[in-house]
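Student: Could you take a close look at one part of this protein with me? I'd like to start at a single side chain and see how you connect it to its surroundings.

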Amino acid sequence: MTRVFSGIQPTGEFQLGNYLGALRHWVVDQHEHDSLFCAVDLHAITLRQDPAELHQKTLEAIAALIAVGLDPETCIIFVQSHVHEHAELAWLIECTVAFGELSRMTQFKDKSARSDAHISAGLFTYPALMAADILLYDIDRVPVGDDQRQHLELTRDVAERFNSRYGETFVVPAAAIAKVGARVMDLQEPQSKMSKSSASMAGCVQLFEDRDSIVKKFKRAVTDSGSEVSFDVENKPGVSNLLSILAAVTNSDPESVANEYDRYGDLKVATAEAVLEVIGPIQDRRAELLADPAELSRLIELGAVKAQALAGNVLERARSAMGFVARP
Ligand code: TRP
């Protein structure tokens, strides 16, 4: 079976666009691939985090992955820092990747340009840790968005370099395959993708946002001139986005959904309701898990044990290939 790895930032990720574009498909795919889902707390601290918040968000991220329908018995859902092999392999990779290669990473350039104060060394070596995440599990495929493509290319380069220097050690993961499914646009700026980095949160629906607030965001969604409900991304990006969302959550297609509505207002209300019908049970399930810390801990530990069983072997392979003496 193909092995797939996804790293999820515990401090972001869970918004409607990400759910419809990625998470929802992973739920289906978990039965076709060996899948690993990792809440990347070690990556989160490359930017300064409030400790209490990081703690809570990490628990919430694991609970969210389970709540959307990923089954901890079927796939592996775990917290990155629970498997110390990630930090260890990252160091071996840092000594394999070149300073120049890391300097060319556009995400580092963007992030470091945006923050005026303290830029951690970890922000610079972030891609080495990401490569370690992937290489530790003999991963074939990594579903990532465009923003992570360069990091994935680097992972491939580093794996190939390591293999040619020290002998076949790592599986070289396939290049990113574009995500299938709905491309959800910002409700206020339907020309750009709905994302956590949107200019205003009014256009971005969070998966675990208060239900009333979700309804408000849909009611205030930007529509287009004219009044006819039709699917026309070019000329009616706002209306088309609502149609795409409604179609995605009702497993229909935007053209046929368009035929059912005459007025923008009705479309907005219907979309909000349909979204809540899908999101509501997910919110309830996450709340249940967070209210049962013993069960959540059990599931977190289950993931850590399964992940570590795989990671331990690969780290040992890498250590021995590099010439480290095994502990007697
Ligand atoms: N860097 C990724 C992001 O910001 C998260 C991530 C960390 C990741 N490790 C990974 C993604 C490994 C895919 C594979 O979204």
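Tutor: Let's start at Phe-170, and keep in mind that what you see is a predicted model. Is Phe-170 buried or exposed? Its relative accessible area is 4%, and a residue counts as buried when that value is under 20%, so Phe-170 is buried.

Now look at what touches this ring. One residue in contact with Phe-170 is Val-314, which sits in helix H13, residues 293–322. Val-314 has a relative accessibility of 2%, so this residue counts as buried as well. Leaving aside neighbours within four places in sequence, the contacts of Val-314 are Leu-135, Leu-136, Asp-138 and Phe-170. Not every residue far off in sequence comes into contact, of course: Ile-45 is 269 residues from Val-314 along the chain, and their C-alpha atoms are 25 Å apart in space.

Asp-138, from that contact list, deserves a pause. You will find Asp-138 in the loop between H7 and H8. Its phi is near 50 degrees, which is a positive value in a residue that is not glycine. To see what is unusual there, remember that most residues other than glycine have a negative phi. Asn-251 also has a phi near 50 degrees, and this residue is in the loop between helix H10 (237–249) and helix H11 (254–258). Asn-251 has 69% relative accessibility, so it counts as exposed.

Back to the aromatic rings. How many aromatic pairs does the count give? The count comes to nine. One pair is formed by Phe-99 and Phe-124, with 5.0 Å between the ring centres and 45 degrees between the planes, and it is tilted. This pair links distant parts of the chain: Phe-99 belongs to helix H5 (residues 99–103) and Phe-124 to helix H7 (residues 121–135), with their positions 25 residues apart. The two partners differ in how much of them can be reached: Phe-99 counts as exposed at 63% relative accessibility, whereas Phe-124 is buried at 14%. Our starting residue has a ring partner too: the centres of Phe-162 and Phe-170 are 4.7 Å apart and the planes meet at 55 degrees, so this pair is tilted. Phe-162 has 0% relative accessibility and counts as buried, and Phe-170 is buried at 4%. Elsewhere, Phe-5, Phe-78 and Tyr-137 form one aromatic cluster.

For a comparison, try two loop residues. Leu-187 is in the loop between helix H8 (149–166) and helix H9 (211–219). Is this leucine buried or exposed? At 2% relative accessibility, Leu-187 counts as buried. Beyond its neighbours within four places in sequence, the residues in contact with Leu-187 include Met-194, Ala-202, Val-205, Phe-218, Leu-242 and Ile-245. Ala-202 is 15 residues away along the chain, yet the two C-alpha atoms are separated by 7.3 Å.

The other loop residue is His-33, found between helix H1 (16–29) and strand S2 (34–39). With a relative accessible area of 15%, His-33 is buried. Setting aside residues up to four places away in sequence, His-33 touches Met-1, Thr-2, Val-4 and Arg-141.

Finally, step back to the whole chain. The secondary structure consists of 13 helices and three strands. Of the 328 residues, 50% count as buried, and Phe-170 is one of the buried ones. Contacts reaching across the sequence matter to this picture: among contacts between residues at least 6 apart, 73% join residues at least 24 apart. Why can the chain be called compact overall? For 328 residues a compact globule would have a radius of gyration near 20 Å, and the chain has 21 Å, which agrees. Along the principal axes, the C-alpha atoms fill a box of roughly 75 × 45 × 40 Å. About 15500 Å² of the chain is exposed, with carbon and sulfur atoms supplying 52% of that area. As for charge, the chain has 32 positive and 47 negative charges, and their mean positions are 4 Å apart.

Conventions: Residues are numbered from 1 along each chain as its sequence is written. This is a predicted model: local features need pLDDT of at least 70, side-chain atom pairs count only at pLDDT 80 or more; totals for chains, interfaces and linings use all residues. Side-chain values use heavy atoms; hydrogens and water are left out. Helices (H or I, at least four residues) and strands (E, at least two) are DSSP runs, numbered from the N terminus. The radius of gyration is taken over C-alpha atoms; the globule rule is 2.2 Å times the number of residues to the power 0.38. Buried means under 20% relative accessible area, exposed over 50%, partly exposed in between (1.4 Å probe, protein chains only). Contact means heavy atoms within 4.5 Å. Accessible areas come from the Shrake-Rupley method with a 1.4 Å probe; for residues, only the protein chains shown count as cover. Lys and Arg count as positive and Asp and Glu as negative; His and the chain ends are not counted. The place of a charge is taken as NZ of Lys, CZ of Arg, CG of Asp or CD of Glu. Rings of Phe, Tyr and Trp (its six-membered ring) pair if their centres lie within 6.5 Å; planes under 30 degrees apart count as stacked, over 60 as edge-to-face and the rest as tilted.
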